Amino acid sequence: MVFTVNKNYLIFASMSLKKIAPYLVPLIFGFALFFSSSCRKEKILTSGGQIRFSVDTLMFDTVFTAQGSSTRKVKIYNEQKETIRISNIRFRRGTQSSFRLNINGEPGTGVTDVEIAGNDSLWVFAAVTVDPNDEHTPFIVNDELLVTLNGTEFSIPVIAYGQNAYYIVDSTLNTQTWKTDRPYVIMR
């Protein structure tokens with residue numbers, strides 16, 4: 001077999017290659033980047049695993065009855081390399097709890113199916129409202145924050161010191177005799 005090369009064709013091919021050469025490098029780089037960064041599924045830990053809380057007890061100082069408390073926070077740490085899926089975060093007493101949660105902007109007494117990436121953490125915000133009773137002395141409201149990971153439960157106690165009070169909701173105080181059995185809370 002004999003091949004003949006047309007001189008005009010070589011000149012044309014040479015000119016075309018010069019015109020597209022500046023575009024070839026970015027095009028090849030783009031394809032390489034696209035194929036090297038394709039979606040990879042993160043590995044989710046499906047058995048075992050540990051979590052760690054940032055505190056050993058979630059504590060609320062004196063909370064006056066019928067008044068909302070300030071918010072307390074706790075971090076849940078995933079110290080594994082793999083992502084974990086927490087099946088639920090809740091209070092042991094469920095809807096009967098005096099405490100409420102806010103996790104990832106979702107309020108309530110619990111949430112389900114929360115993922116934490118490897119070596120990352122999750123903020124859990126908690127608040128409490130203490131129901132009044134007839135006691136004059138301070139009392140304790142408690143529950144447990146439960147976190148279930150792959151069938152294993154992790155928990156920390158949640159404690160609030162409650163106190164009944166007399167509430168004065170008025171712009172002016174009248175002359176009156178105050179009792180000494182409970183504190184007074186003056187609200188504006």
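A salt bridge is taken here as a side-chain nitrogen of Lys or Arg within 4 Å of a carboxyl oxygen of Asp or Glu. The structure is a predicted model, in which local features need pLDDT of at least 70 and side-chain atom pairs count only at pLDDT 80 or more, whereas totals for chains, interfaces and linings use all residues. Residues are numbered from 1 along each chain as its sequence is written, and side-chain values use heavy atoms, with hydrogens and water left out.

The secondary structure of the protein comprises one helix and 13 strands, where helices (H or I, at least four residues) and strands (E, at least two) are DSSP runs numbered from the N terminus. Read from the N terminus, the order of elements is α-β-β-β-β-β-β-β-β-β-β-β-β-β. Of the 188 residues, 28% count as buried, a class defined by a relative accessible area under 20%, with exposed meaning over 50% and partly exposed in between (1.4 Å probe, protein chains only). The accessible surface amounts to about 13,200 Å², and 56% of this surface belongs to carbon and sulfur atoms; these areas come from the Shrake-Rupley method with a 1.4 Å probe, and for residues only the protein chains shown count as cover. When contacts (heavy atoms within 4.5 Å) are restricted to residues at least 6 apart in sequence, 66% of them join residues at least 24 apart.

Side chains of opposite charge can pair when their charged atoms come close. By the rule given at the outset, the protein has five salt bridges. One of them is formed by the side chains of glutamate 115 and arginine 85, at an N to O distance of 2.5 Å. Because glutamate 115 lies in strand S8 (residues 110–116) and arginine 85 in strand S5, this pair ties together parts that are 30 residues apart in sequence. Glutamate 115 is partly exposed at 44% relative accessibility, and arginine 85 is likewise partly exposed, at 36%.

A salt bridge also joins glutamate 153 to arginine 90, with the closest N and O atoms 2.8 Å apart. Glutamate 153 belongs to strand S11 and arginine 90 to strand S5, so the pair ties together parts that are 63 residues apart in sequence. Both partners are partly exposed, glutamate 153 with a relative accessibility of 41% and arginine 90 with a relative accessible area of 26%. Arginine 92 in turn forms a salt bridge with glutamate 144, the closest N and O atoms being 2.6 Å apart. This pair links distant parts of the chain, since arginine 92 is placed in the loop between S5 and S6 and glutamate 144 in strand S10, 52 residues apart. Arginine 92 is partly exposed at 47% relative accessibility, and glutamate 144 is partly exposed with a relative accessible area of 26%. Arg90, Arg92, Glu144 and Glu153 are linked in a network of salt bridges.

Aspartate 143, which is found in strand S10 (residues 139–149), is buried yet has no salt bridge, the nearest side chain of opposite charge being that of arginine 93 at 4.9 Å; for this purpose Lys and Arg count as positive and Asp and Glu as negative, while His and the chain ends are not counted. The side chain of aspartate 143 instead makes a polar contact of 2.6 Å with that of serine 97. A polar contact denotes a pair of N or O atoms within 3.5 Å; within protein, one must be able to donate a hydrogen and the other to accept it, and residues adjacent in sequence count only if both atoms are side-chain atoms. Serine 97 is located in the loop between strand S5 (83–91) and strand S6 (99–103), and is buried, with a relative accessible area of 13%. Beyond four places in sequence, serine 97 touches Phe91 and Asp143, whereas the corresponding contacts of aspartate 143 include Phe99, Ile156, Pro157 and Val158.

Asparagine 150 is situated in the loop between S10 and S11 and counts as partly exposed at 28% relative accessibility. Although asparagine 150 and glycine 48 are 102 residues apart in sequence, their C-alpha atoms are 6.2 Å apart in space. The side chain of asparagine 150 reaches the backbone oxygen of glycine 48 at 2.9 Å, and a polar atom of the same side chain lies 3.4 Å from the backbone oxygen of leucine 45.
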